[in-house]
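Me: I have a structure to read and some terms to sort out. Please take me through the reasoning behind the labels.

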Amino acid sequence: MWETLGTVRDLGRLQEIASVLIRYGFGDLVRRIGLSGALERAGRLLHWQHAEELLRMTPPARLRHALQDLGPTFVKLGQVLATRIDLLPAEWIRELGELQNAVPALPFEAIRDQLAADLGADPEVVFARLERRPLAAASLAQAHRAWLADGSPVVLKVRRPGIREVVEADLRLLARLAEIVEAQAPDLRRYRPTGIVQQFAASLRAELDFAGECRNAQRIAANFAGHPGIAIPEVYWQWTSERLNVQAFMDGIAGRDFAALDEAGLDRHELARTGAGIVLKMVLEDGFFHADPHPGNIFYLPDGRIGVIDFGMVGRISEQRRLQVAQLLHGLVDQDAEAVTDILLEWTEGGADVDEGRLQADVGAFTDQYRGVPLKQLRMGAMLADVAALLRRHGLTLPPDLALMIKAFLTLEGLGRQLDPDFDMATEARPFVQRAMLQRYSPLLLARRTRRTVSGTIDLLGDLPRDLRRLLQAARHGRLRGQIEVTSLKAFGDQLNSAANRLTIGVVTAALIIGSSIVMNSVGGGIANRWLMAMGVLGFVGAALTGIWIVLSIWRSRKH
């Protein structure tokens, strides 16, 4: 009942989502997922007129504009979808990659009270100077420059007041919409919308925690301790919290300002190599990487270092996964189709029905394209993008961590070639791949793997007699049973159970109405009769509430 009332509470937002989708020509999708019928039954009017100038846009452009109109949560969703090159073709990825976070900044007075609460004092007391005009504004936060008492420049990243409530409402609706899409649109089910929304919700909630973002920054800074090529801003923890991030100001050349690079006399080729080494170390050695290394998060410092900011979106890759990445890259370069196929099948989810022979043949044809091509001419990002396209053709999808990794590789290679047209990603990656392959046979790793295997085997053998004894005792006493679950029968049983519950509640509701009517008709004067009248009124109210619940539950069941 609470979930039903929550859905009713969000009806206004549902109507807004449906109207925006219809405006940009996605009315068929609105109908197919049952959203239009649900809203019309709830008395909500939808405007089905289409603007001709909008319909002349390409479908990817219409989707981008629709997501922008729907607000910050959906802009972030589009940015996450832009990382899923295993799900969407290149033209959709390019268009969604253009989604911008920039929104009008809030007046300083609108954030001042929250800022003072997070600082524990008035901002003018904490900082020697604070610029009221923001450096930048995005959908979740805006940044202000300030100076400490000792003159050190800092940046305050302030979360927009009330944004968490807005995001949580949208995430609740997205989760419900994903369930509807999987139930009502079988051809879209293979994209696993519920899984995408779950990944997105976890990522967005992490981005809302600015203290968590600072912990990510410190972890990466620790991994690069002593590394001369990277700069990560210092965190001022005494003022940092979930809603406020205070870090040292980084004064450098913006990642997109290549003209300023040339004026400063910085070596583009060396910067490209340094950036490649930073990302490759994060991915293949540390297993913890910046998942959104676009030019807006990168600064080139006068001493040749690369400054990196905004660690709200990070990726994690396990030791086993890093080895698999190295094996995949090695197999692609060496045209080993069988090794590449084995890695892809191990990675992909829901690949039980895949034709392995056809997949290996396609991988072989793909790797043959690169036979004899000099290493310098290989485009590592393009190769990985082609692998993702091959997975799409076979109905396979990558785990989210690998999708983030491939997107990071693509962004890195694109930025590297903007810095230096002769940038050679394959050559830069080769020593990292070789070290990752050799690490598999390092004495420390072999000892750890052996210890884990021996420990697991001993535990299994030690528990085996007891498990066998329990199994035989269960069989001897007739407690050994098998269970077969048929999904369609389970769904049918759930429907019968729901119908029986509604019928029971309907009978109770009718009894309440009849009993309350009898009580009300028998009321006379006196205190006792006033109590009887109150009981009769409560009975009518209870009957009305249960009736509303029955109607809403029937409406929700029809949506399925």
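Reply: Start with a definition: a residue is buried under 20% relative accessible area, exposed over 50%, and partly exposed in between. Keep in mind that this is a predicted model.

Me: What makes Arg-205 partly exposed?

Reply: The relative accessible area of Arg-205 is 37%. Partly exposed covers the range between 20% and 50%, so Arg-205 gets that label.

Me: Why is the pairing of Glu-168 and Arg-205 called a salt bridge?

Reply: Their side chains meet at 3.0 Å, N to O. The cut-off is 4 Å between a side-chain nitrogen of Lys or Arg and a carboxyl oxygen of Asp or Glu, so the pair qualifies.

Me: Which parts does that pair tie together?

Reply: Glu-168 lies in helix α11 and Arg-205 in helix α12 (residues 193–208), so the pair links parts 37 residues apart in sequence. Through shared partners, salt bridges join both residues with Arg-159, Arg-164 and Glu-242 in one network.

Me: Arg-243 and Asp-118 form a salt bridge too. Is Asp-118 buried or exposed?

Reply: Buried: its relative accessibility is 19%, and the label applies under 20%. Its partner Arg-243, at 28%, is partly exposed. The closest N and O atoms of this pair are 2.8 Å apart.

Me: How do you know that Met-405 is in contact with Phe-289?

Reply: Contact means heavy atoms within 4.5 Å, and Phe-289 is among the residues that meet this for Met-405, along with Val-283, Ile-317 and Val-325. Phe-289, Tyr-300 and Met-405 touch the most other members of the largest nonpolar core, which has 103 residues.

How values were computed: Residues are numbered from 1 along each chain as its sequence is written. This is a predicted model: local features need pLDDT of at least 70, side-chain atom pairs count only at pLDDT 80 or more; totals for chains, interfaces and linings use all residues. Side-chain values use heavy atoms; hydrogens and water are left out. A nonpolar core is a set of buried Ala, Val, Leu, Ile, Met, Phe, Trp, Tyr and Cys residues joined through side-chain atoms within 4.5 Å. Buried means under 20% relative accessible area, exposed over 50%, partly exposed in between (1.4 Å probe, protein chains only). Helices (H or I, at least four residues) and strands (E, at least two) are DSSP runs, numbered from the N terminus. Lists of a residue's contacts leave out its neighbours within four places in sequence.
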